[in-house]
Amino acid sequence: MTDDSLIAVQPAASQHKTTCCYCGVGCGVNAQVSHGTVIAVSGDRNHPANLGRLCVKGTALHQTSQSPDRLLHPMVNGVRSTWDAALEHTANGFRRIIDEHGPNAVAFYLSGQLLTEDYYVANKLMKGFIGTANVDTNSRLCMAAATVAHKKAFGYDTVPGCYEDLETTDLLVLVGSNTAYAHPVVFQRIVKAKAERPDMKVVVIDPRRTATCDIADLHLALRPGADAFLFNGLLSYLADHDGLDQDFINSSCEGLDAALASARAQVPSVAQAATICDVPAADLEQFYQLFCATPKAVTVFSQGINQSSSGVDKGSSIINCHLASGKIGKPGATPFSITGQPNAMGGREVGGLANQLAAHMGFDNPAHIDKVARFWHAPNMAQHEGLKAVDMFEAIHRGEIKAVWIMATNPVVSMPDANFVREALERCELVVVNECIANTDTAKLANVLLPATTWSEKHGTVTNSERCISLQKGLVPAPGEALNDWDILCRFARKLGFEQGFDYQHPVDIFREHAALSAFENNGERDFDISAFATISKADYNQLAPVQWPVNAAAPNGTKRMFSDGRFFTPSKRARLISVTARFPKKPPNNGQMIMNTGRIRDQWHTMSRTGNAPHLMSHMDEPGVDIHPADAKQLGLSEGELAVLENLGARYLGRIKLNDGQRRGEVFVPIHWNDRFASSSRADALVNAITDPICGQPEFKHSPVKVSAYKPVWQGYLHTTQDLAPASDYWCKILLATGFKYRLAHNAECDWAKWLRSAYPQVNDWVEIRDSARAFYTGAGFVNGALVVALHVSRDGKDVAEHRWLDDQLGQPCDLNQRFAVLAGHGGSDVEDEGRIVCSCYQVGEKAIVKAIAEGAHNSAALGEKLRCGTNCGSCLPELNQLVNIHYLAKLATAVE
Ligand code: SF4
């Protein structure tokens, strides 16, 4: 442990407050630490973001931060190194490339997982000292559009509202946001608010009927990408139906006439808007009427808006409607961009994007460049913005950027055209990766691999979606030789000769400097001001209570809501309405193609490098899927439970078909999480075109034309094994079990499975097997000292190899003759009940048990919780429980009444 603020190894259990490291909700966590390990977590009732709640990912924090694949030592070209040698090697590489090709030949690619202090040091080093703004972050993929839309409207990148507004509003509009899965604790807060005030209306605008629609009074399943048309239509409607707040417009806005003219030119009527957006006109009119007539309205927007080739315009079209109707800066009335990552906002505060400077300043203002340079005493201040993520990897591919340092992110999985990104890194002269996990898809390509601390080890601040700064605490010692990212960067900076400016001893030194810069020659002109912390003591920092910025002399306790005085941060102090000409996605599908939409599932985080290690987080959805409308499936010859193959850009994605009439025709949905560690061919982003918004550079993840067809395997089945391996099959996906692994397999060629098993398991000489004479199925099981180490069940049509969860618990178990037969049969007999697909991850409650309980009289989620405990911990499964009650009780009841 290098940091005296970190809590020394606790001999007995002790309780500490910290913050969740997953999504942008930023929940407060009570962590119980014993003997240098976090052994339990619970929600912090005093944290304003979650008020005691945690979702399923949050409740697994202590499990997901411990990994057998932990990176423990620096590695150079695959060989263990010392810190000094690894950083010397890195510094020599950077120095040589900068000397020969200039500073723009190097780049940093950062992450919303970094703490603000890490982010600050990285940006200062590159933009102020090395002299390039080639610093971008995976937040580019998440909310770059919203930052620009904010800046255009408000002068700076300001999120006006707070979570409380989502509860106190009378109309909550959720656009392009599956809040139930992506921001589960915020969703639970909304659910509670709506239960307490049933008159509160919820409108979901999303091409898919997602779990979030569970609480929707109205769902507008619009044509993908039509959002700006819809909100331009709303602006026209407001103007035509006395919905403008003329007083607010007169005192606080500019640009209405031009914005309205653009909106009217494109979408003059509800009927036209409905046609363009492909939604029923009556439904759209209902939404427009509601918005027009409800003074307290909140519009939450997220990736469905941002991940678009016109994401900035979409954000602007939403903000326009709030400005024009005066629904901003008041309790329960605001546009609200909700961020994906735990510290996307902190990254924005320190200028983590290539077009930003620290403290919300920007390269578009020469005075800002000068201010930051003077404050830092920067010897080589960058004068122009750098390359945004997609452009950066293209420059690496072309050989223009010759050294890249990637921190806490996995671009080989998460970037669009991910195979191109992999190729770019393979070509790059020097790839440095800071990671906590040794074998991510990106770490495998590193020349220099540096072990970094992770949640519960690192110490610093994060800012959530409502501008709330919280401390993520160092609670346990760093394993092996892992170091904090800021420390790694400072050591590297000193090796480059930048002794001054990188001599921090503790994260509080960085935080104080960050706070001082926010106040530097600010005079109320800039939104981001945390000057109250410019002299914070280490003791106060180590106990920092959550607080929403600005935090300054005028607001020493922070600021819940911005713009309540009707003053904005533009030169005129008026908010700007932006003229928006709405556009559809750049690449429409060709004949025969479908539109692939990508997004999160409930229990996984990003590229699974941490959540993939917790077996119970994989039990809700254990395999990459393809959601498709039943009519499309029928047309393509696809059936529920079979495999589909999606193709684009020479890449393919294999996933299990899930028929879903909540999908629009012509569209499929696939999860973003799977990678080469967990599946053979399921990196969804390899199929995403690298098309970006021309202003903010955010990629169009939500709209990729792909070819969809049935995958026709010769063999398919599943493998239970105590050893982690790559099976001899064209398709496989890996599912973690408590005692080993389960692989689902599909192979497109003949295979001698018995022979393969013997070659993969040379240590086994005790086999039992069944193979039919027609060679239509094979099952084999291998034992060492009588205990099961491998069991394979494959057949030609997949029908004779139905899976039962019983077998998942048998690995490592001693097996007598009867049990050996049971293993070959794949189930424990008729008296062993199978619960089916897991719905409640916390208590491992399966769908079959839930359906049975519904049939026995548990007719709502509360009754199910009482009977089976499902839904009573984190609540993430409540929408699915309600859905099952709908299908298996309410729908049947309605049919019976008819
Ligand atoms: S909603 Fe879940 S993942 Fe997000 S911060 Fe809270 S506990 Fe963490």
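**Exercise 1.** Which helices each supply at least two residues of the shell around the ligand?

*Solution.* The structure is a predicted model, in which local features need pLDDT of at least 70, side-chain atom pairs count only at pLDDT 80 or more, and totals for chains, interfaces and linings use all residues. Residues are numbered from 1 along each chain as its sequence is written, and side-chain values use heavy atoms, with hydrogens and water left out.

Step 1. Helices (H or I, at least four residues) and strands (E, at least two) are DSSP runs numbered from the N terminus.
Step 2. A residue is near a molecule if one of its heavy atoms lies within 4 Å of it. Around the ligand stand Cys20, Tyr22, Cys23, Val25, Gly26, Cys27, Leu54, Cys55, Lys57, Gly58, Pro184 and Val185.
Step 3. The helices sought are α1 (56-59) and α8 (184-196).

**Exercise 2.** Sort the shell around the ligand by residue class.

*Solution.* Step 1. Ala, Val, Leu, Ile, Met, Phe, Trp, Tyr, Cys and Pro count as nonpolar, Asp, Glu, Lys and Arg as charged, and the others, Gly among them, as polar.
Step 2. The shell then holds nine nonpolar, two polar and one charged residues.

**Exercise 3.** Describe how α3 packs with α21, and how α4 crosses α22.

*Solution.* Step 1. Axes are lines fitted to C-alpha atoms, for helices over the stretch in contact, and angles run from 0 to 180 degrees between N-to-C directions. Angles under 35 degrees count as roughly parallel, over 145 as roughly antiparallel, 65 to 115 as roughly perpendicular and the rest as oblique.
Step 2. Helix α3 (residues 83-101) and helix α21 (residues 485-495) pack at about 55 degrees, their axes 9 Å apart. Therefore α3 is oblique to α21.
Step 3. The axes of α4 (residues 116-130) and α22 (residues 507-519) come within 9 Å and cross at roughly 70 degrees, so α4 is roughly perpendicular to α22.

**Exercise 4.** Locate Leu51 and Pro550, and describe the backbone at each residue.

*Solution.* Step 1. Leu51 belongs to the loop between β3 (37-43) and α1. Although Leu51 is not a glycine, its phi is positive, about 50 degrees.
Step 2. Pro550 lies in the loop between β19 (547-548) and β20 (575-576). The peptide bond joining Trp549 and Pro550 is cis, with omega about 0 degrees.
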